[in-house]
Amino acid sequence: KAEFEVVIVGGGSSGIATAASLHKREPSLRIAIVEPAAKHYYQPGWTMVGGGVFKASQTERDMASVMPDYVSWISQAATAFEPDKNEVVLEDGSRVGYIFLVVAAGLKLDWDGIEGLTDTLGRNGVTSNYRYDLAPYTWDLVQRTRSGRALFTQPPMPIKCAGAPQKAMYLSCSEWERRGCLKDMDVHFHNAGGVLFGVADYVPALMEYVERYGITLDLNERLTAVDGSAKTATFATESGTKTVDFDMIHVVPPQTAPDFIKASPLAGDGGWVDVDPATLRHTKFDNVFGLGDCTNTPNAKTAAAARKQAPIVAENLIAAILDKSLPAAYDGYGSCPLTVEHGKIVLAEFGYGGKLLPSFPEWMLDGRKPTRRAWTLKADILPKIYWEAMLKGREWLVKPGKLG
Ligand code: FAD
């Protein structure tokens, strides 16, 4: 008999939220979370740290403080899945058995995928909001830079929070504009993709800011190397390669499925956990569910998506325990609050196929336009919702969608 009815791999945004949603529905479930990290991060706050709005410490809590007391915390990394045996292999070689498995291990930031990057991160004007310890350096650099060239890069999709590369850029420009030195800055957005943002409805508002800040869009250009001491960045372009000088560069690394998932029987195309996009149940193993950044569902990889997915997994997993058909369906909701200037946000909210899924009526908050209300939501309300509602299974903002 398995020691746990449910084993969740990963105690990040989606893992803790799923445990909370399961417990709320069925308090007697024996749940374990496999999670090696001592700290839990509110990553959506890192954009605000890089923009000088939040302190880094506001985005970090001890894992022990967010780990629910009804869960057995296995404080180790998972190294392999053996779904035929219903076992997860742990880093010390031991195994944990389950009846149901939830994979919520996030994604891998591939810093080494860019030549020279790891040697110079945090020095020589090279920064990234994608790491807790580096986001404050973004703000340092923005304050120190009064003239010169600033590069902002975006790797190929999929990445978590697809808007974050440009959010860093707009908040930097907003600060330079406030200080009156924007006219002395040469700002470039090097995007490996061919469009500014994947959902067309939000592009006009973003383009107004691109023009206002005098940003040059270098589309279809993928960062391949950074030389920190020479202060140069090299890009693969449609016609070959090009190397440019910079005074500061904000890098977003390429992102992949974690290696132990890629190498496992749970992986589908591209190495991501292969789940049904509506039920979030694994396509081959009926007692396995997946959610958050580690799956192959074509939604925006965001904490907002995880907030909607966790109750869906909880509903469906409990139905599966009772051998019933799965009642809940995920519509692909994800959200990306684009910080276009200090105090204003374009609130992108959309589901599968780029369908707009606004949380508010248009008269209250039109997500396609920059608004102060959306800024208040991001700066004051969403962090509280994260810590106090999402991680605690308080689902008043989330009604699991029904199938059919
Ligand atoms: P994570 O929260 O990353 O958690 C994964 C967990 O798995 C971690 O705790 C990790 O330690 C653990 N883990 C990893 N490997 C193993 C292993 N081998 N065994 C066991 N556990 C393991 N989202 C928004 O909604 N809005 C935003 O504005 C927003 N902005 C963002 C800005 C930035 C700069 C970044 C970096 C992200 C942003 N996001 C935003 C995205 C959001 O943070 C993620 O989508 C969300 O955290 C995904 O949750 P997750 O649980 O899948 O992954």
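**Figure 1. Surroundings of Met-63 in the predicted model.** Beyond its neighbours within four places in sequence, Met-63 is in contact with Gly-11, Glu-35, Ala-37, Ala-38, Lys-39 and His-40. The model shown here and in the other views is predicted. Met-63 belongs to helix 3. One of its contacts, Glu-35, lies 28 residues away along the chain, and the C-alpha atoms of Met-63 and Glu-35 are separated by 8.9 Å. Met-63 counts as partly exposed because it has 19 other C-beta atoms within 10 Å, whereas a buried residue needs 20 or more.

**Figure 2. Helix 1 and the elements packed around it.** Helix 1 covers residues 13-25, 13 residues in total. From its first C-alpha to its last it reaches 19 Å, close to the 18 Å expected at 1.5 Å a residue. Helix 1 is largely enclosed by the rest of the structure, because 10 of its 13 residues are buried. The buried residues are Ser-13, Ser-14, Gly-15, Ile-16, Ala-17, Thr-18, Ala-19, Ala-20, Ser-21 and Leu-22. The strands against which they pack are strand 1 (4-9), strand 2 (31-34), strand 5 (71-74) and strand 8 (95-103). They also pack against helix 3 (63-66) and helix 9 (303-321). Helix 3 is also the helix that holds Met-63.

**Figure 3. The largest nonpolar core and the setting of Val-7.** The largest nonpolar core has 119 residues, and Val-6, Val-7, Ile-31 and Val-103 have the most contacts inside it. Helix 9 supplies the largest share of this core, 10 residues. The core draws at least three residues from each of domain 1 (4-107 + 257-330 + 378-391) and domain 2 (110-254). Not counting residues up to four places away in sequence, Val-7 touches Ala-32, Val-34, Val-88, Val-96, Tyr-98 and Leu-101.

**Figure 4. Contact region between domain 1 and domain 2.** The domain assignment gives domain 1 (4-107 + 257-330 + 378-391) and domain 2 (110-254). Their centres, taken over C-alpha atoms, are separated by 30 Å. In the contact region, 15 residues of domain 1 are in contact with 16 residues of domain 2. On the side of domain 1 that touches domain 2, helix 2 (residues 46-50) gives the most, with 4 residues. The residues of this side of domain 1 divide into 6 nonpolar, 6 polar and 3 charged.

**Figure 5. Helix 6 and the residue just after it.** Helix 6 spans residues 164-179, and its end C-alpha atoms are 23 Å apart. This agrees with the 22 Å that its 16 residues should span at 1.5 Å a residue. Of these 16 residues, 12 are buried, so helix 6 is largely enclosed by the rest of the structure. The buried residues are Ala-164, Pro-165, Gln-166, Lys-167, Ala-168, Met-169, Tyr-170, Leu-171, Ser-172, Cys-173, Ser-174 and Trp-176. Gly-180, just after helix 6, takes a positive phi of about 80°.

**Figure 6. The whole protein chain, for orientation.** The protein chain has 10 helices and 21 strands. Its C-alpha trace spans about 65 × 50 × 40 Å along the principal axes. The radius of gyration is 21 Å, which agrees with the value near 22 Å for a compact globule of 404 residues. Buried residues make up 49% of the 404 residues. Among contacts between residues at least 6 apart in sequence, 67% join residues at least 24 apart.

Conventions
Residues are numbered from 1 along each chain as its sequence is written. This is a predicted model: local features need pLDDT of at least 70, side-chain atom pairs count only at pLDDT 80 or more; totals for chains, interfaces and linings use all residues. Helices (H or I, at least four residues) and strands (E, at least two) are DSSP runs, numbered from the N terminus. The radius of gyration is taken over C-alpha atoms; the globule rule is 2.2 Å times the number of residues to the power 0.38. Two residues are in contact if their C-beta atoms, placed from the backbone, lie within 7 Å. The expected span of a helix is 1.5 Å times one less than its number of residues. A nonpolar core is a set of buried Ala, Val, Leu, Ile, Met, Phe, Trp, Tyr and Cys residues joined through C-beta atoms within 7 Å. Domain bounds come from an automatic or database domain assignment. Ala, Val, Leu, Ile, Met, Phe, Trp, Tyr, Cys and Pro count as nonpolar, Asp, Glu, Lys and Arg as charged, and the others, Gly among them, as polar.
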